[in-house]
Amino acid sequence: MSTPELEQILRLLQNLSKSHEELASKVDALTARSTTSNGLAAPFSTLTASRPSTSVTPNRSLAGGGIDTSAPPSPILTGTDNIPCGPAASVPGPNSTPGSPTNPADSLSHGLPSPRTGGGVDAFRKRASFSTSPSTGFATPRSGAANAAYGIKGMPPPGATTPPRKDSEGKKEGLYPSRVVLTTYPNQAGVNPIPINWGGGPNGQDRGPVICSRIKSNLPLRNAIGAHAGSYSIFRALSIAMGELRPDWRPDLRNTQPPFQLPPMPGWFGDGTGKGEEGNQKNWKIVSFDPFGAMSQEIWEKEYAQGLDVRPTIAQTKAHIKIEELDDLARKGDFPVDGEVVIKSSELAAFPGVDQGVEINTYKAAIDPVWFLPGIAERMGIEESTLRRTLFEDTGGMYPELLTRPDIKIFLPPVGGMTVYIMGDPAKLQDPNTEITCRPHDSCAGSDVFGSDICTCRPYLIFGLAEAIKCAQRGGVGVVVYFQKEGRALGEVIKYMVYNRRKRGGDTAAEYFNNTERVAGVKDARHQELMPDVLHWLGIKHITNLISMSNMKYDAIINSGITVKNRYEIPEHLIPKDGSVEIDAKIQAGYFSTKKMTGEALMATKGRDWEDLVH
Ligand SMILES: [Zn+2]
């Protein structure tokens, strides 16, 4: 989509929003007449964008733009309710380019300073007493001079519990302000996102916080579209709708920080486009999540306490894993109990003297997606405007700011993320002399959890874990990454329909991919181009043993600048009979294997039909 087209759409949306505002104005005026006496609804006339802009203090702080609700009431803005739905006095002119930073002239026309001159984090940093720890390069928040001046007021303390809702109260007050903010615009009065320099560094404060909250006080500061926790944001909404959670609730983050450090790596920096400053060019890597996502609690501790809704998008912890097949392999002598990586499981009181197998010591991290849209577009080889439009259209129009806020470059998509399991010392991952075994695994609940034998997912996962354990025991590091990409990221509903089609069509390896394509339109939607981000986050520059036969994964890893020494296909003796259809089809399609497939052999590889299932 071309820039003029995008501008045209933007203008149409703004006009639409203006009509909405006029309508809302009439409704609010009517409501005000009946409710002003008890203060429940403010007259809309105090909220319009056409108010004189001179009353906005130019030298605003983080809480500027009128979000300090305890301040004397401003004729323009006293809270987020006051963000007008319609455009500001001036809309982007023909010369303004969507995606470019806010035009200072436009800002001045509202009497608002540019977010990059005097407002946002710059002012915030200036006033706060931060210092950079020389050992880690992380800025450490210090309790310094009073910062109340830029604190965000009117916020409940983090972790505040939700008082039970009384129905009469709920109806009277409502969950949200009476006016709905359908979308926002870059030049809109009051909107002033906190600057964020994706790929910037060297520490998290220089990079800036990811803010995607619609909490009243944070909405004007937001620099990300979407919602935290991926698809779970929908369940959070249900809890709010049920009165179990306040809409402005924020987590109590004390003691939630990681128990082990994964310090910044060169791959964290750069904007993902490869066009950054010198030095960034070679190191551009991470565009699909926030590398600083596990450190929010520490980097932004003070600001969070003051109401800035910056939340962790990564959580790291330590845990044991225990899987039956690993017990068997340990008993077979594949890996000894060393008390460090492999630990003997305790006896169960119910079964005295019975060997309970082993447990594996792991470090792990759960990562939620945070997309830097220009970097994602670059990686996929498409225009950013195309990416924004398709994300908007094909989520049912869920995120209009993808189109109306070209100045916001970050999107938290409603999809699953990934979990990293590390065996061995994570600090050794960046050492070029470390042996690294890696299995990037895409989720398959049917096989991984419930043991279906139609595919090889669980056996491959076990093989990857076993090799990772052995590598750690040799002094290397094993990494297994579990990506939430069910059914090649097409979903389980598609997947089971494909199973049905396969079973009704004779289920030959020759038809394996065709069946998927006929049902889903594509063979695969995993888009492995984004997969290596997590490897760069860990500081991995080489993989000694790649436990995967996927050419898509291999190509993505190599193209991202990581070297691979050895590739391992799943050993024949681990392939369930029904799973050979998948494996043979993949080999024919170019997956890595020492086995060669012929057309005849491909026709001969057949899965079980339904009648066999009962035997
Ligand atoms: Zn599977």
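**Exercise 1. A strand between two partners**

How many bridges join strand β6 to β9? Work this out in the predicted model above, then describe the surroundings of β9.

*Solution.*
- Step 1: Find strand β6 at residues 358-367 and follow its pairing with β9; the two run antiparallel and are joined by five bridges.
- Step 2: Pick out one pair of residues here: Ile367 stands opposite Met418 in β9.
- Step 3: Now look at strand β11, residues 477-483, which is joined to β9 by six bridges, again in the antiparallel sense. Met418 has a bridge partner in β11 too, namely Phe483.
- Step 4: Check burial. Of the six residues of β9 (residues 418-423), five are buried, so this strand is largely enclosed by the rest of the structure.

**Exercise 2. Reading a sheet**

In what order do the three strands of the open sheet that contains β8 lie, and which strands are at its edges?

*Solution.*
- Step 1: Read the strands across the sheet: the order is β3-β8-β7, with mixed pairing.
- Step 2: Look for strands that pair on one side only. These are β3 (224-226) and β7 (371-372), the edge strands.
- Step 3: Take one pairing by itself. β7 and β8 (residues 410-412) are antiparallel and share two bridges. Here Trp371 faces Phe411 of β8.

**Exercise 3. Into the core**

Which residues have the most contacts inside the largest nonpolar core?

*Solution.*
- Step 1: Start with a general idea: in soluble globular proteins, nonpolar side chains tend to be buried together.
- Step 2: In this model the largest such core has 99 residues, and the ones with the most contacts inside it are Ala224, Ile410, Phe411, Met423, Ile469 and Val479.
- Step 3: Ask which element gives the largest share. Helix α15 (residues 457-473) does, with eleven residues.
- Step 4: Compare with the domains: domain 1 (3-257 + 295-311 + 369-412) and domain 2 (424-607) each supply at least three residues to this core.
- Step 5: Zoom in on Met423. Beyond its neighbours within four places in sequence, its contacts include Val341, Ile360, Ala468 and Ile469.
- Step 6: Keep a second core apart from the big list: a separate group of five residues, among them Ala509, Ala510, Val581 and Ala585.

**Exercise 4. The two faces of a helix**

Which residues of helix α20 are buried, and which exposed residues lie on the face turned away from them?

*Solution.*
- Step 1: Within α20 (residues 551-559), the buried residues are Lys553, Ala556 and Ile557.
- Step 2: These cover an arc of only 100° around the axis, which puts them on the same side of α20. A general rule helps here: an α-helix has 3.6 residues a turn, so residues three or four places apart point the same way.
- Step 3: Turn to the opposite face, where the exposed residues Asp555 and Asn559 sit.
- Step 4: See what covers the buried side: β10 (436-442), α19, β12 and β13 (563-567) are included.
- Step 5: Move past the helix to Gly561, which follows α20 and has a positive phi, near 100°.

**Exercise 5. A residue in a loop**

Is Lys541 buried or partly exposed?

*Solution.*
- Step 1: Locate Lys541 in the loop between α19 (533-537) and β12 (542-546).
- Step 2: Count neighbours. Lys541 has 19 C-beta neighbours inside 10 Å, so it counts as partly exposed; a buried residue would need 20 or more.
- Step 3: Look for a partner distant in sequence. Leu429 is 112 residues away along the chain, while the C-alpha to C-alpha separation from Lys541 is 8.2 Å.
- Step 4: List the contacts of Lys541, leaving aside residues within four places in sequence: Gln430, Pro432 and Ile562.

Methods:
Residues numbered from 1 in each chain as written. Predicted model: local features only at pLDDT ≥ 70, side-chain atom pairs only at ≥ 80, totals over all residues. Pairing = 2+ DSSP bridges. Helix = DSSP H or I, 4+ residues; strand = E, 2+ residues; numbered from the N terminus. Core = buried A, V, L, I, M, F, W, Y, C linked by C-beta atoms within 7 Å. Buried ≥ 20, exposed ≤ 12 C-beta atoms within 10 Å, placed from the backbone. Domains from an automatic or database assignment. Contact = placed C-beta atoms within 7 Å. Arc of directions from axis to C-beta.
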